[in-house]
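The report that follows describes the fold, the burial of selected elements and one part of the surface.

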Amino acid sequence: HSVALLEAQREVGFAESRTAGDGARRALAGSPAPLTPCRTKTKELLDEYFRKGEASLDTHAQETFELIRMFLGHRAKQDAGVAATTQPPLSRPAAMRCLSSWLSRVNARTARRRCAREARDSQRQRRLQTVVRIGADMSRPEAECDHLGAAYHLLSANSVRGALQELDLAATSAGAGFRMHFDRLTSIISSSGGTSAPCVERRRWLKHQLHQWRSQGVQDMMGPGLWRIYSLLAGELDGVLPDSMDWRAAFAVCVWYRCPSGPSEVGKNEMEDSLREFEAAVKRHGSSCCFKPTPPCASPGGEFIALGQATRSARTPQAHDLQFNIMRVVSGVLELGDFSDFDYPTYSQQPLDVAYAWHVSLVLLTLLGKDTSETGFQRLTHQYCFVLELLG
């Protein structure tokens with residue numbers, strides 16, 4: 001994919017070499033002259049990345065460029081009519097809107113795959129039980145539990161409509177004597193699902209209701225599937241995050257269903273607050289946390305295919321997923337620094353696989369209005385050139 005991405009950059013005329021100036025003097029000795037990206041062609045470049053790299057880029061890479069393209073789309077609208085030299089930062093509400101839209105897309109894809117797989121597994125298990133337990137009471141509503149689980153996953157993808165459809169299927173698929181009605185839950189999902197700030201008071205009221213139910217033992221009567229949905233809608237996230245499909249679904253739950261503790265926190269900086277709350281939840285769950293924002297190569301049992309078979313040393317701190325680091329940079333939680341947060345450990349276990357890191361970093365610099373003469377980026381450029389020379 002390295003050659004395809006470089007060809008895309010050349011064909012759109014994205015950058016030109018710069019020879020003199022402070023930027024060149026600040027670059028590392030012996031490194032190539034800094035590039036001057038053309039901001040107006042960044043979206044065109046990303047489109048070309050998708051076209052050229054469609055066959056060679058894996059799912060993770062495609063979704064990463066999709067995330068940057070969504071941030072860039074809002075930036076382009078914001079910069080319309082503004083002089084290029086001013087380079088205002090991406091507004092917080094715009095960044096939050098495009099992050100929310102991206103999370104909806106990627107989690108919806110994961111939810112469809114997850115629900116289809118669980119439905120097949122559940123159907124296979126029920127057939128096996130029918131063979132083993134001929135004549136036994138099979139009226140317990142296993143299918144209903146399946147649909148409640150699917151409703152939870154769809155809510156983590158911000159698909160309120162899909163969750164309501166699964167609730168309807170759960171009610172109609174219940175066995176004799178186990179018929180359930182979800183009219184009240186349907187109303188709560190319709191009014192409180194898929195957004196955070198406007199529903200704070202509703203979540204606080206529902207959280208109070210959950211505390212009362214818990215003291216009365218209602219939780220055991222509901223069952224885990226139904227209780228999990230109520231907990232999600234009430235903003236009691238610690239108990240439901242471990243059931244998320246992956247770290248992106250868990251983070252989306254923090255984005256759409258968190259319940260700020262005070263009125264001063266509502267709407268202040270939703271993206272930064274959501275990231276910090278998610279990181280705090282990961283820390284609370286400790287080393288056994290199953291929704292850490294780790295790259296796909298470190299999660300061979302997850303939704304993504306591992307990129308390598310080697311295992312990292314237990315003494316080496318696990319890198320965060322590249323997508324998570326992009327979110328942190330755009331929100332202001334993380335500084336670009338030496339670009340180590342975009343290097344190969346964030347997406348691969350192959351030390352020479354730096355092409356992806358370089359192209360992502362270049363587009364990200366353009367998005368943030370930064371200079372490519374940054375020392376960290378020039379060091380990454382040097383590494384990329386070395387790999388290209390090795391490849392001939």
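## Fold, burial and surface

The secondary structure of the protein comprises 16 helices and 2 strands, where helices (H or I, at least four residues) and strands (E, at least two) are DSSP runs numbered from the N terminus. The model is predicted, so that local features need pLDDT of at least 70 and side-chain atom pairs count only at pLDDT 80 or more, while totals for chains, interfaces and linings use all residues. Residues are numbered from 1 along each chain as its sequence is written, and side-chain values use heavy atoms, with hydrogens and water left out.

Of the 392 residues, 49% count as buried (under 20% relative accessible area; exposed is over 50% and partly exposed in between, with a 1.4 Å probe and protein chains only).

| Helix | Residues | Buried residues |
|---|---|---|
| helix 8 | 183-192 | Leu185, Ile188, Ile189 and Ser192 |
| helix 12 | 247-257 | 11 of the 11 residues |

The buried residues of helix 8 fall within an arc of 100° when seen down its axis, and therefore line one face of the helix; the arc is that of the directions from the helix axis to the C-beta atoms. Helix 12, by contrast, is largely enclosed by the rest of the structure, because 11 of its 11 residues are buried. At the start of helix 12, a side-chain oxygen of aspartate 246 comes to within 3.1 Å of the backbone nitrogen of arginine 248.

Leucine 390 lies in helix 16 (residues 375-391), and counts as exposed because its relative accessibility is 53%.

Conventions:
A polar contact is a pair of N or O atoms within 3.5 Å; within protein, one must be able to donate a hydrogen and the other to accept it, and residues adjacent in sequence count only if both atoms are side-chain atoms.
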